[in-house]
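Subject: A structure to look through

Dear colleague,

I am passing on a structure that I would like you to open and read alongside this message. Please keep it in view while you go through the notes underneath.

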Amino acid sequence: GKLDVRSELPDLPVVSVNWYDSMLYATTYGCTLPTMAEWTFAAVGGSENRTYPWGNKEPTHDICCFWSNEQKTTGPVGVYTMPGGAGRFGHQHLAGNVWCWTSTKKT
């Protein structure tokens with residue numbers, strides 16, 4: 001596959017890539033995509049079973065980018081890194097903005 005570098009928009013998430021492109025990107029940089037179980041565990045806060053990574057409070061524009069935003073576009077990566085948008089384990093960006101691929105491939 002080919003990689004979508006998008007050097008002209010370095011702060012926006014990469015979109016319109018398939019599973020194979022995502023796997024290639026991760027392995028090229030010595031990384032792996034999480035399994036669906038790993039991603040879900042992180043997204044719900046493990047045993048806390050949260051509705052959202054940050055808790056059960058409804059999404060707001062202060063903690064994540066979602067379709068009802070005024071721009072109707074994706075948001076820059078790194079904007080929603082304040083504690084209010086963080087998950088139980090300190091991770092960011094597991095809700096809103098764009099869909100994420102996991103290493104668990106759907107058939």
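What follows is an account of what was found, going from the whole chain to single residues.

Please bear in mind from the start that this is a predicted model. The protein has 107 residues, of which 26% count as buried, and its secondary structure consists of 2 helices and 0 strands. Of the contacts with a separation of 6 or more, 54% are between residues that lie 24 or more positions apart.

The charged side chains come next. As general background, side chains of opposite charge can pair when their charged atoms come close. In this structure the search found 2 salt bridges in total. One of them joins R50 to E48, with 2.7 Å between the closest N and O atoms, and the other brings together the side chains of R88 and E48, at 3.5 Å from N to O. In that second pair R88 and E48 both sit in the segment after α2, yet they are 40 residues apart, and the pair therefore links distant parts of the chain. Because the salt bridges share partners, E48, R50 and R88 form one network.

Are these three residues buried or exposed, or partly exposed? R50 counts as buried because its relative accessible area is 17%, which is under the 20% limit. E48, with a relative accessible area of 43%, is partly exposed, and R88 is partly exposed as well, with a value of 37%.

The cysteines deserve a careful look too. A disulfide is, in general, a covalent bond between the sulfur atoms of two cysteines. The search of the whole structure found 0 disulfides. Among the cysteines, C31 is partly exposed with a relative accessible area of 41%, and C100 is partly exposed with a relative accessible area of 40%.

Now to the empty space inside the model. Rolling a probe the size of a water molecule over the atoms shows where empty space is left. How many cavities of 30 Å³ or more does the search find? There is 1 cavity of that kind, and the largest cavity holds about 60 Å³ of space. Its lining is made up of 10 residues, and those closest to the centre are I63, G85, H93, L94 and A95. When the lining is sorted by character, 7 of its residues are nonpolar, 3 are polar and none is charged.

Finally, two residues stand out for their backbone angles. Most residues other than glycine have a negative phi. S16, which is not a glycine, nevertheless has a positive phi of about 65°, and S16 is found in the segment before α1, the helix that covers 19-28. With 76% relative accessibility, S16 counts as exposed, because the limit for that class is over 50%. N49 is also a residue other than glycine with a positive phi, in this case near 50°, and its place is in the segment after α2, the helix that covers 36-43. N49 is exposed too, with a relative accessible area of 59%.

When you go through the model yourself, you might start with E48, which takes part in the network with R50 and R88, and then turn to the cavity lining, where I63 and G85 are among the residues closest to the centre.

With best wishes

Notes:
Residues numbered from 1 in each chain as written. Predicted model: local features only at pLDDT ≥ 70, side-chain atom pairs only at ≥ 80, totals over all residues. Heavy atoms only, no water. Helix = DSSP H or I, 4+ residues; strand = E, 2+ residues; numbered from the N terminus. Buried < 20%, exposed > 50% of the residue type's maximum accessible area, 1.4 Å probe, protein only. Salt bridge = Lys/Arg side-chain N within 4 Å of Asp/Glu carboxyl O. Disulfide = S-S within 2.5 Å. 1 Å grid on protein atoms, 1.4 Å probe; cavity = no way out; pocket = protein on both sides within 12 Å on 5 of 7 lines; lining within 4 Å. Points joined across faces, edges and corners; volume = space filled by probe spheres on them. Nonpolar A, V, L, I, M, F, W, Y, C, P; charged D, E, K, R; others polar. Contact = heavy atoms within 4.5 Å.
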